[in-house]
Amino acid sequence: MCKSCSFLYHWFIGRFWMANRTVKDAVTVKGTNPQYLVEKIIRTRIYDSKYWKEECFALTAELLVDKGMELRYIGGIYAGNVKPTPFLCLCLKMLQIQPEKDIAVEFIRQEEYKYIRALGAMYIRLTFTSIEVYKYLEPLYNDYRKLRIMNNEGRFEIVHMDEFIDNLLRDERYCDIHLPRIQKRITLEEVGELQPYVSALDEDLDKLSSSDSEDDDDRIRKRKERSKAGIYMIMF
């Protein structure tokens, strides 16, 4: 190999290695390199993808927000298990640069961009503790907006945000990412780490039940008043 070819080869290898390595001050997650939460074969597909090479190179937490705003669908690997979606690429990029927790939380708290919320929810599910996962993701059950998801055949389907969150909390694998195990909610409730979950639907049903009860009491009171009035008319 000539010197110029050798230089270009080593330059390319060095650039590839730098582009794909985790930031040096990253904290291990679940006892491992954060990027390793995505299986090696999936990581390889992502590293080889055009989107990763062109859109994710040298991406910072601030610039990642801009990329998240451009997302139009979620999903994992498609087209014969070869091509990763931009959503999956950005998930790996977040694991690579490991943004501050506050940034991930802000991703899900903002309401304008639903795909940024989905991206933040996935990152939280992968890296936060069990208690934090329930704390931050369960409120999103009240978000019923539609999301487009690309299936493995490359076709779009519709899933709602609350379904997406439910899949993150219940499934072992979603969007071609193996989700780390989290403690069962009932276990955390029993040891006092979490309060029993009350959904917005339960609150609405309680209000409806209370309203129905008040209506029943009102109807009974009115019947009694009419009965008394009838008795008075008979008496007098």
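1. In this predicted model, the crossing of helices H5 and H7 is right-handed. The residues that make the contact are Phe87, Leu90, Cys91, Met94 and Leu95 on the H5 side, and Ala118, Leu119, Met122, Tyr123, Leu126 and Thr127 on the H7 side. By class, 10 of these residues are nonpolar and 1 is polar, with no charged residue in the contact of H5 with H7.

2. On the geometry of that pair: H5 spans residues 86-97 and H7 spans residues 114-127, and their axes come within 10 Å and cross at roughly 50°. The two helices are therefore oblique to each other. An angle counts as oblique here because it is neither under 35 degrees, nor over 145, nor in the range 65 to 115.

3. H7 also packs against H6. The axes of H6 and H7 come within 7 Å, with a crossing angle of roughly 135°, and this pair is therefore oblique as well. H6 passes H7 in a left-handed crossing. From H6, the contact uses Ala104, Val105, Phe107, Ile108 and Arg109; from H7, it uses Ile116, Arg117, Leu119, Gly120, Ala121, Tyr123 and Ile124. These residues divide into 9 nonpolar, 1 polar and 2 charged.

4. The next partner of H7 is H8, residues 130-137. Their axes come within 8 Å and cross at roughly 160°. H7 and H8 are therefore roughly antiparallel to each other, the cut-off for that term being over 145 degrees. The crossing is left-handed. Ala121, Ile124 and Arg125 of H7 meet Val133, Tyr136 and Leu137 of H8. This contact of H7 with H8 has 5 nonpolar residues, 1 charged residue and no polar ones.

5. Some H7 residues recur in these lists. Leu119 and Tyr123 take part in the contact with H5 and also in the contact with H6. Ala121 and Ile124 appear in the contact with H6 and again in the contact with H8.

6. Where do the buried residues of helix H2 lie around its axis? The buried residues of H2, which spans residues 40-47, are Ile42, Arg43, Ile46 and Tyr47. They cover an arc of only 135° around the axis, which puts them on the same side of H2. An α-helix has 3.6 residues a turn, so residues three or four places apart point the same way.

7. Two backbone values deserve a look. Most residues other than glycine have a negative phi. Glutamine 98, although not a glycine, has a positive phi of about 45°; this residue sits in the loop between H5 and H6, the latter being residues 101-109. Cysteine 175 also has a positive phi, near 55°, and is likewise a residue other than glycine.

8. Cysteine 175 lies in the loop between strand S6 (173-174) and strand S7 (177-178). Is this residue buried or exposed? With a relative accessible area of 8%, cysteine 175 is buried, because the cut-off for that term is under 20%.

9. Aspartate 171 is in the loop between helix H9 (161-170) and S6. Its relative accessible area is 30%, so aspartate 171 is partly exposed. Leaving out residues up to four places away in sequence, aspartate 171 touches Arg125, Asp166 and Leu179. Of these, Arg125 is also one of the H7 residues that meet H8. Aspartate 171 and arginine 181 are 10 residues apart along the chain, and their C-alpha atoms are separated by 9.5 Å.

Key. Residues numbered from 1 in each chain as written. Predicted model: local features only at pLDDT ≥ 70, side-chain atom pairs only at ≥ 80, totals over all residues. Heavy atoms only, no water. Buried < 20%, exposed > 50% of the residue type's maximum accessible area, 1.4 Å probe, protein only. Helix = DSSP H or I, 4+ residues; strand = E, 2+ residues; numbered from the N terminus. Arc of directions from axis to C-beta. Axes fitted to C-alpha atoms, helices over the stretch in contact; angles between N-to-C directions. Left-handed = near helix turned anticlockwise from the far one by under 90°. Contact = heavy atoms within 4.5 Å. Nonpolar A, V, L, I, M, F, W, Y, C, P; charged D, E, K, R; others polar.
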